[in-house]
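Please examine the sequence and the structure shown here. The report is concerned with charged side-chain pairs and with the packing of two helices.

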Amino acid sequence: MGMENEKNTVLKWDRAAKSFDWMNRGVEVRFGDKKREWFSKAMGKTLLVAVGTGLDLPYFSPGADIIGIDISGKMLEKAKEKILKRGERTNLVRADVQELGFADNSIDTIVTSCTFCSVPDPVKGLKEILRVLKPGGKMLMFEHVRSNIFWMGVMMDLLSVLTRRVGPELNRDTHANIIKAGFCLNREVNVYLDMVKLFEAIKPRYE
Amino acid sequence: MGFIFKLVDYAAAILMGIGTLFLVVAVVDCRWNMILSMVVGMLLGTIVLALVLILFTGVSTPFEIITVGMPVTMLVGMGIGMNAAAGWSNIVSMISVVIIYSIAVQFGVHRYNLKLKGDVPLGNGE
């Protein structure tokens, strides 16, 4: 069941790769400044989870050594074109955030951008991130989540039935998932209503 | 840029309202019953929402479009559907009401967004 789930996830995002840049133009136009403000805080060895087609790469400061991972090979092919502009300090790896092949405590900063709406088991993915992050290391997230405004939350629950077939879930409770995974949530910022958010979380320095 | 985005949002809201109105007036017949007219109106509104979502992809996001689009297109679709079935044909009045309603919904969402924007208070131990 797990392998079938992964296969379906890969197929879904391989299909989405063709139109991904076009579909997300509006997000970059509207929220690009916020993403730049947030992601420019990433320093050292930085893991960009679900790099997609590389739309977020321009938002990082030169001090970040980026490893971009994605479960979709098609997405990574498109991202390769964009990393040529950034140069040597960006590597792309095909990987699943639920089973990262990195050593414990090996990453300085984690960045996610509309990632945990799509990971089949988000808490599992966040626990893996916690494992590879150095103690005291930061996770910087730009995510869309389920709204707490009643009618909008219901609408997102209903729309998710359709959207999950071709893309993300719309009704994830990412705040709760971050806490469940064992992170200390340092900061949560509403960007658009209470459905588009920035999160800053830290791996505790002790177990 | 913020001002331009606001204009885009209002343009999208009005387009969704007026688009729904004209589509419903074109499709719904005065011989239909009220319930059918309402449901068909709502479905037509959803089609308009999807079209505006595609049209505004480069300058807006699904969050902005759908948040405003759902109350505008569904309620306009239902309301105009009912009115069309009742044989009400004062199109100028319908257009005026729909434009005012669309603007009011967008204004309300903008104001609420300003209220929610920024740091969220976190509980102790998070």
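The sections below describe salt bridges and one helix contact in a predicted model.

## Salt bridges in the whole structure

Side chains of opposite charge can pair when their charged atoms come close. Over all chains, a search of the whole structure identifies 16 salt bridges. Among them are pairs that cross between chains and a pair that links distant parts of chain A.

A network of salt bridges is also present: A:Glu28, A:Lys35 and A:Asp56 are its linked residues.

## Pairs between the chains

A:Arg30 and B:Glu64 form a salt bridge through their side chains, at 3.5 Å from N to O. This pair crosses between chains, with A:Arg30 located in helix H3 (residues 25-39) of chain A and B:Glu64 in helix H3 (residues 62-85) of chain B. Both A:Arg30 and B:Glu64 are buried.

A salt bridge also joins the side chains of A:Arg187 and B:Asp119, with an N to O distance of 2.8 Å. Here the pair runs from strand E6 (residues 184-192) of chain A, which holds A:Arg187, to strand E1 (residues 118-119) of chain B, which holds B:Asp119. A:Arg187 has a relative accessibility of 29% and therefore counts as partly exposed. B:Asp119 likewise counts as partly exposed, because its relative accessibility is 49%.

## A pair within chain A

The side chains of A:Lys134 and A:Asp108 meet in a salt bridge at 2.8 Å, N to O. The two residues are 26 residues apart and belong to distant parts of the chain: A:Lys134 lies in strand E5 (residues 133-144) of chain A, and A:Asp108 lies in strand E4 (residues 107-113) of chain A.

Are these two residues, A:Lys134 and A:Asp108, buried or partly exposed? A:Lys134 is partly exposed, its relative accessible area being 31%. A:Asp108, at 27% relative accessibility, is also partly exposed.

## Helix packing between the chains

Two packed helices are described by the angle between their axes and the distance between the axes. Helix H6 (residues 150-166) of chain A and H3(B) have axes that come within 11 Å and cross at roughly 100°. Angles of 65 to 115 degrees count as roughly perpendicular, and H6(A) and H3(B) are therefore roughly perpendicular to each other.

In this contact, H6(A) contributes A:Trp151, A:Met152, A:Met155 and A:Leu159, which meet B:Ile66, B:Thr67, B:Met70 and B:Pro71 of H3(B). Seven residues of the contact are nonpolar, one is polar and none is charged.

Methods:
Residues are numbered from 1 along each chain as its sequence is written. Chains are lettered from A and ligands numbered from 1 in the order in which they are written. This is a predicted model: local features need pLDDT of at least 70, side-chain atom pairs count only at pLDDT 80 or more; totals for chains, interfaces and linings use all residues. Side-chain values use heavy atoms; hydrogens and water are left out. A salt bridge is a side-chain nitrogen of Lys or Arg within 4 Å of a carboxyl oxygen of Asp or Glu. Helices (H or I, at least four residues) and strands (E, at least two) are DSSP runs, numbered from the N terminus. Buried means under 20% relative accessible area, exposed over 50%, partly exposed in between (1.4 Å probe, protein chains only). Axes are lines fitted to C-alpha atoms, for helices over the stretch in contact, and angles run from 0 to 180 degrees between N-to-C directions. Angles under 35 degrees count as roughly parallel, over 145 as roughly antiparallel, 65 to 115 as roughly perpendicular and the rest as oblique. Contact means heavy atoms within 4.5 Å. Ala, Val, Leu, Ile, Met, Phe, Trp, Tyr, Cys and Pro count as nonpolar, Asp, Glu, Lys and Arg as charged, and the others, Gly among them, as polar.
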